[in-house]
Amino acid sequence: ETGYVTYDPGFTNTAQCESKITFIDGDEGVLLYRGYPIEQLAGKSTFLEVAYLLIHGHLPTVDEHDGFVERVNRHTLVHEDFRTFMGTFPRTSHPMAVMSSAVSALATFYPESLDPYSEETVELATVLLLAKARTITSYLHRRRVGEPLLYPDYSRGYVDDFLRMTFAVPYEQYEANPILVHALDQLLILHADHEQNCSASVVRITGSSHANLYASVSAGISALSGPLHGGANESVLRMLTSIQQNDGDVKKFISRVKNKEAGVRLMGFGHRVYKNYDPRAAIVKDQAHAVLSILGIDDPLLAIAMELEEIALSDDYFVQRRLYPNVDFYTGIIYRAMGFEPAMFTPLFALGRMPGWIAQWREMMLDPKTKIGRPRQIYTGSPVRDYVPLDER
Ligand code: SDX
């Protein structure tokens, strides 16, 4: 009706792309990082080893691993002016807005790592971003609770020292609970990459203009913040809490979801690709039970989540729409047991996703077939018409 021939967008390099990094079978609930099943990596590997695997395509040798860890460690401290910059945001700011700004600002503090065409500077930006992401994320929490930035302790592991930088009191000896260190390491592995999800696509299309790594990942962080994407883990906790505060009536909430009350969705359920149980959700669910029981925490929200899942998995409304728990359904319960508030849940998702974003940006930049992202459209607007002067309208 527009009088124009519609343009079939068809295959564009932003709608689909080739990648060697992650494989998902949504019907079978399969997730592989560079061919390795997520279940094996979550059970046997470490976050930095998985980061190396995603970025470089193979499991590192001992020398490759130790060299990578040492290079990441060496870049953990941030410039004092960067700390001041992060300190200018209101303490009540949502940490995802601060994280996106902080990662983008890395380009101004570390210009020596910006050249996207040099393997050497790309590798420098890679280790610098992985390292600073942990300092930025810990500082997001510290700012919200009014505590100072803690400097890194290179003698500790990435996750162990992240928990220390986040929760330790200055000058007091702090030993992170090894159960929590292992649990968080596993959670970061589970979040490390996920094929062409919304935020990874944003990182790729931003980088396709040859924008630097920090600018591209900053855009990805912004995309992740949405409640339909990474922001869902925070929304799940708020959903569980609201059910608890309404006399824990799970069935009433399920009815509100099925009646499609405005804004009422079963957060942490459903997925664009998984039309079966998200394999990550299964691991997180088991981990939630293990962590809470070892810590002796009887969290009523876990019981509410379990009841929601049990009802939804046997209710036709959800079964017919192939809605299953996704990675965000149980993670918040574990993060809360670690001492994080809900606003920090999505930054933790972003911390875990850093290696995946970096790997996908590097793969896109190195692919000679990559063109600048330029989706087309089907035009449904007005046919051509002549301008009418203001006094004649
Ligand atoms: C992540 O892509 C990735 O890989 C993402 C991610 C990653 O690792 O990067 O896995 C991380 O983002 C996981 C998803 C986190 N988001 C949530 O948990 C938010 C709640 N979920 C939904 O909003 C929804 O399921 C999406 C956005 C995740 C997926 O949406 P789809 O596939 O586009 O589904 P849809 O919106 O087309 O809905 C299909 C039907 C609709 O009902 P009908 O119109 O057919 O009657 O299912 C319903 C929807 O209303 N539906 C839900 C629902 N999700 C879909 N109904 C209630 N609760 C839900 N959660």
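Is R164 buried or exposed in this structure? R164 is buried, with a relative accessible area of 11%, where buried stands for under 20% relative accessible area, exposed for over 50% and partly exposed for what lies in between (1.4 Å probe, protein chains only).

The model is a predicted one, in which local features need pLDDT of at least 70 and side-chain atom pairs count only at pLDDT 80 or more, while totals for chains, interfaces and linings use all residues. Residues are numbered from 1 along each chain as its sequence is written, and side-chain values use heavy atoms, with hydrogens and water left out.

**Salt bridges**

The structure holds 22 salt bridges, a salt bridge being a side-chain nitrogen of Lys or Arg within 4 Å of a carboxyl oxygen of Asp or Glu. Three of these pairs are set out below.

| Pair | Closest N to O | Relative accessible area |
|---|---|---|
| R144 and E341 | 2.5 Å | R144 26%, E341 27% |
| D161 and R164 | 2.5 Å | D161 0%, R164 11% |
| R280 and D278 | 2.6 Å | R280 2%, D278 0% |

R144 pairs with E341, and this salt bridge links distant parts of the chain, since R144 belongs to helix α6 (residues 119-144) whereas E341 lies in the loop between α16 (328-338) and α17 (345-366), 197 residues apart. Helices here are DSSP runs (H or I, at least four residues), as strands are (E, at least two), numbered from the N terminus. R144 is partly exposed, and E341 is partly exposed as well.

The partners D161 and R164 are 3 residues apart in helix α7 (residues 158-167), and therefore they are separated by about one helical turn. D161 counts as buried at 0% relative accessibility. In the pair formed by R280 and D278, R280 counts as buried and D278 is buried too. Salt bridges that share partners also join R71, E119, E123 and R362 into one network.

**S93 and its surroundings**

S93 sits in the loop between α4 (80-86) and α5 (95-109) and is buried, its relative accessible area being 16%. If its neighbours within four places in sequence are left aside, S93 is in contact with V98 and R144, contact meaning heavy atoms within 4.5 Å. R144 is also the residue that forms the salt bridge with E341.

**Packed helices**

Two packed helices are described by the angle between their axes and the distance between the axes. Helix α8 (residues 178-190) packs against helix α13 (residues 279-295) at an angle of about 170 degrees, with the axes 11 Å apart; the axes are lines fitted to C-alpha atoms, for helices over the stretch in contact, and angles run from 0 to 180 degrees between N-to-C directions. This makes α8 roughly antiparallel to α13, on a scale where angles under 35 degrees count as roughly parallel, over 145 as roughly antiparallel, 65 to 115 as roughly perpendicular and the rest as oblique. The α8 side of the contact is made by I179, L180, A183, Q186, L187 and L190, and the α13 side by R280, I283, V284, Q287, V291, I294 and L295. R280 is thus named in this contact and also meets D278 in a salt bridge.

The axes of helix α2 (residues 47-56) and α3 come within 10 Å and cross at roughly 105 degrees, and the two helices are therefore roughly perpendicular to each other. Here L48, E49, A51 and Y52 in α2 meet E64, H65, F68, V69 and V72 in α3.
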